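Visitor: I am new to this structure and would like a close look at one part of it, the largest pocket. Please also describe what lies elsewhere in the model.

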Amino acid sequence: MNLKELWELFPIFLIEHQACWKEWYAEEEVFLKKVIPQAKRISHIGSTAISSICAKPIVDILVEVPIECHLPDYKDFIVNSGYICMAQNANCFSFNKGYTENGFAERVFHLHVRYIGDNNELYFRDYLIEHPDVADNYEKMKLKLWKEYEHNRDGYTNAKTGFVQKYTEEARVLYGDRYK
């Protein structure tokens, strides 16, 4: 399947916050602790972790492992537990679960496995939770971008980057070493 076909099958769409996302995350966290017992921190990130805004119905999870661990050692365990590896480099692996040949499953997850401290998403998440006006602006921007980038996930993500970086930097100053 080429990228255009993939984006057609898995379009971007936003829905109102669903209480079940918190439950899905909690269940998946328990599962991931068994798959990756060396994890130092497992966190619910992304818009599904922010109850005041709409989101793509995909639960994003960040798993942080100790720096002395070798990330590629985790790949097979995660893949054998039902995830598909979507991207990898020396410091990060990205997986998904819930993408089927017919489209999205009921529960969809994106899993990001990184070294401890590579966690800007935690700062951004907390900033939006604690600053509802900024969260509201973020939601408005996402709703505006949705239709323009419905079949272009990279474009959608890139269009949000400046906003995300700005408030992540503000959060890092405000929260300091909260997640070191």
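Guide: What follows takes the largest pocket, then the cavity, the cores and two buried residues.

This is a predicted model, in which local features need pLDDT of at least 70 and side-chain atom pairs count only at pLDDT 80 or more, while totals for chains, interfaces and linings use all residues. Residues are numbered from 1 along each chain as its sequence is written, and side-chain values use heavy atoms, with hydrogens and water left out.

The largest pocket has a volume of about 1400 Å³. A pocket here is an open set of points on a 1 Å grid over the protein atoms alone, with protein on both sides within 12 Å along at least five of seven lines; lining residues have an atom within 4 Å of a point. Grid points are joined across faces, edges and corners, and the volume is the space filled by probe spheres set on the points. The pocket is lined by 43 residues, and K56, D60, H110, H112 and T157 are the closest to its centre. Elements that give two or more residues to this lining are helix 1 (3-9), strand 3 (84-89), strand 4 (92-100), strand 5 (103-115), helix 4 (120-130), helix 5 (132-148) and helix 6 (153-175). Helices (H or I, at least four residues) and strands (E, at least two) are DSSP runs, numbered from the N terminus. Helix 6 provides the largest share of the lining, 10 residues. By type, the lining divides into 17 nonpolar, 15 polar and 11 charged residues. Ala, Val, Leu, Ile, Met, Phe, Trp, Tyr, Cys and Pro count as nonpolar, Asp, Glu, Lys and Arg as charged, and the others, Gly among them, as polar.

The structure also holds one cavity of 30 Å³ or more, a cavity being a set of points where a 1.4 Å probe fits but cannot get out. The lining of the largest cavity consists of P11, I12, F13, K56, P57, I58, F104 and R153, which divide into six nonpolar, no polar and two charged.

Next come the cores. A nonpolar core is a set of buried Ala, Val, Leu, Ile, Met, Phe, Trp, Tyr and Cys residues joined through side-chain atoms within 4.5 Å; buried means under 20% relative accessible area, exposed over 50%, and partly exposed in between (1.4 Å probe, protein chains only). The largest core has 25 residues, and L128, Y138 and F163 have the most contacts inside it. Helix 4, helix 5 and helix 6 each supply at least two residues of this core, and helix 5 gives the most, six. A second, separate core of 23 residues includes Y74, Y83, F93 and V113.

Two buried residues remain. K97 has its place in strand 4 and is buried, because its relative accessible area is 19%. The side chains of K97 and E28 are joined by a polar contact of 2.7 Å, that is, a pair of N or O atoms within 3.5 Å; within protein, one must be able to donate a hydrogen and the other to accept it, and residues adjacent in sequence count only if both atoms are side-chain atoms. N119 lies in the loop between strand 5 and helix 4, and counts as buried because its relative accessibility is 1%. The side chain of N119 makes a polar contact of 3.0 Å with the side chain of E64.
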